[in-house]
Structures are given as C-alpha cells and as structure tokens.
Amino acid sequence: MSKISQKINKFVCDEEGTEMVEWGLIAGLIIVLAAGVFALIGTDLNTIFGGVQAQTAAGAANVGA
C-alpha cells in the first residue's frame, strides 16, 4: 500500500511537461499578436512597397536612356 501511495504522490507532484505547455501558450500568444499587428499595418506596408516598386521601375527605365 505504501508503494501505491508513493507512486500516486510522485505522479501528482510531477511537473515534467508543464514547462512545454507554458512555452506553447506563449508561442501561440505571440503568433496571434503578430497576426493582429500584420493585419493592422498590412495596407500601409502595401502602399509603401508599391511606392518602392514604382520608384525602382522608374529608375530602371532611366538607366537605359
């Protein structure tokens, strides 16, 4: 009976794997926050990169002239 109670006590007190769950929750939270930020600034980034693309195309057109 003592062995059974020791094994049950060991199982209840065992925290192995808890850290992995915590890191998983943190990673999930970071992913959700990053997706939200990208959704908020996506239009602005599209405008910025569109301007860069237009300037690059204009500069490339002037190189041949």
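Trainee: How many residues of H2 are buried, out of its 46?
Mentor: Zero of the 46 are buried, so H2 lies largely in the open. Buried means under 20% relative accessible area, exposed over 50% and partly exposed in between, with a 1.4 Å probe and protein chains only. This is a predicted model, where local features need pLDDT of at least 70, side-chain atom pairs need 80 or more, and totals for chains, interfaces and linings use all residues. Numbering starts from 1 along each chain as its sequence is written, and side-chain values use heavy atoms, without hydrogens or water.

Trainee: Okay, and what about H1, how many of its twelve residues are buried?
Mentor: Zero again, so H1 also lies largely in the open. Across the protein, 0% of the 65 residues count as buried.

Trainee: Which helices and strands does the protein have?
Mentor: There are two helices and zero strands, both being DSSP runs numbered from the N terminus (helices H or I, at least four residues; strands E, at least two). H1 takes residues 2–13, and H2 takes residues 18–63.

Trainee: Where does H2 bend?
Mentor: At Ile41, by about 50°; that is the angle between axes fitted to the seven residues ending there and the seven starting there.

Trainee: And what span should H1 have?
Mentor: It should span 16 Å at 1.5 Å a residue, and its end C-alpha atoms are 16 Å apart, which agrees. The expected value is 1.5 Å times one less than the number of residues.

Trainee: Switching topic, what radius of gyration does the whole protein have?
Mentor: It has 28 Å, whereas a compact globule of 65 residues would have one near 11 Å. The radius is taken over C-alpha atoms, and the globule rule is 2.2 Å times the number of residues to the power 0.38. Along the principal axes, the C-alpha atoms fill a box of roughly 90 × 25 × 10 Å.

Trainee: Is Leu33 buried or exposed?
Mentor: Leu33 lies in H2 and counts as exposed at 54% relative accessibility. Its C-alpha is 41 Å from that of Ala61, 28 residues away in sequence.

Trainee: And Ile48, buried or exposed?
Mentor: Ile48, also placed in H2, is exposed, with a relative accessible area of 51%.
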